[in-house]
Amino acid sequence: MTILCVRFQLPPMYEAALPGLLGTLEEFTPVVEALPPDGALADLRGAERYFRRDVVELASLIRVRALAWHGVDCAIGAGPGPMFARMALREAAPGEIRVVPEGPRARTEFLAERSVRALPGVGTATARTLCEYGLDSIGKVAAAPLSTLQRLTSARAGRELHEMAQGIDRGRVVPNAVSRSLAAERPFPRDELDPAQHRRALLSAAGELGSRLRALEKVCRTLTLTVRYADRSTTTRSRTLPEPTAHSSALTDAAYRMYEALGLQRARVRGVALRAEGLDPAEQASHQLTFDPVDEKVRRLEEVADRVRKKFGEGAVIPGALAA
């Protein structure tokens, strides 16, 4: 066991917490890959030899230090590679450490009975296609001919799917840092089922991000949506924007599209968060002219609203949908 996949149970405003938690992991190994907004991969091959502890003992130490120093608990999955570590994490409850059994035979048994949806990178559309042909478990996918998988998906995706189902994990941990970003989170006072309330929260968060970006004279290239549910699980989606922007309306539209693509049906939502990533100076960004008088009017109103908020406070001007 050499790879850990960690998901931190972060507090409502997690933006400032993740770098410090990554620092905790880096005390054990320099090979740490951040997985915003709340996770990380860590390669502990050198740490096991240096500290003379196995991966389970090291994972326990990491969890204790995260609790003691940051007040944050975590769930941890451990495995021989990133794929197995991610799969183990999916089955780990908060505060739990799940380990993929050692040995080729044990790993094959671990994979065989699990749903094909458990494989990293297998989305809803791919899983639906495979299930239509009876390939609903990883064991069945492993037994299927490579040519069949490639016909059902594509040449590259079929080959990767076949290798993962066989237990071949070619992933690796790529050290990185949390990219400079801005985040806005909207927790609900109770589990919220109403989609209209979800959309109001997204509108508010997108407006805050746009205002902060313009104040910093920055634009963002990517917007990430995180939805937290009552069982503490999360769904994260990212969208690369058509052009770098700090325009609140563009951020809101992107957030709405990501939310609608989730297709939530009476989901018990604990909170939503938006993160603006890939920040660049606004002066270096290009803007495609639309010749739309409505868009130009909204942008001018946005400039006026920013000046009013700067003088009288953030609540001085708000969208009408949030006034109630």
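These are my notebook entries on the strands, one helix and the biggest pocket of a predicted model.

**Entry 1, the four-stranded sheet.** I started with the strand order. It reads β6-β9-β7-β8, an open sheet with antiparallel pairing. I then asked which strands stand at the edges. They are β6 (182-192) and β8 (234-245); each has a single partner strand, so one side of each has no neighbour in the sheet. Between neighbouring strands here, I noted an average turn of 15 degrees, direction ignored.

**Entry 2, one pair inside it.** I looked up β7 (residues 218-229) with β9 (residues 269-281) and found an antiparallel pairing over 11 bridges. To pin down the register, I took Val-219, whose bridge partner in β9 is Asp-280.

**Entry 3, the helix on the sheet.** What lies across these strands? Helix α10 (residues 195-216) does, covering β6, β7, β8 and β9. Against β6 it runs at about 160 degrees.

**Entry 4, a hairpin elsewhere in the chain numbering.** Strands β2 (residues 32-35) and β3 (residues 39-43) are joined by a hairpin through three residues. I get four bridges for this antiparallel pair, and Ala-34 sits opposite Ala-40 of β3.

**Entry 5, the largest pocket.** I wanted its volume first: about 1,200 Å³. There are 29 lining residues, and Arg-90, Thr-234, Thr-235, Thr-236 and Arg-237 lie nearest the centre. Two or more lining residues come from each of β1 (3-8), α4 (82-90), β8 and α11 (248-262). Which element gives the largest share? That is β8, with four residues, and β8 is also an edge strand from my first entry. By type, I have the lining down as 14 nonpolar, eight polar and seven charged residues.

Terms used:
Residues numbered from 1 in each chain as written. Predicted model: local features only at pLDDT ≥ 70, side-chain atom pairs only at ≥ 80, totals over all residues. Heavy atoms only, no water. Pairing = 2+ DSSP bridges. Axes fitted to C-alpha atoms, helices over the stretch in contact; angles between N-to-C directions. Contact = heavy atoms within 4.5 Å. 1 Å grid on protein atoms, 1.4 Å probe; cavity = no way out; pocket = protein on both sides within 12 Å on 5 of 7 lines; lining within 4 Å. Points joined across faces, edges and corners; volume = space filled by probe spheres on them. Nonpolar A, V, L, I, M, F, W, Y, C, P; charged D, E, K, R; others polar.
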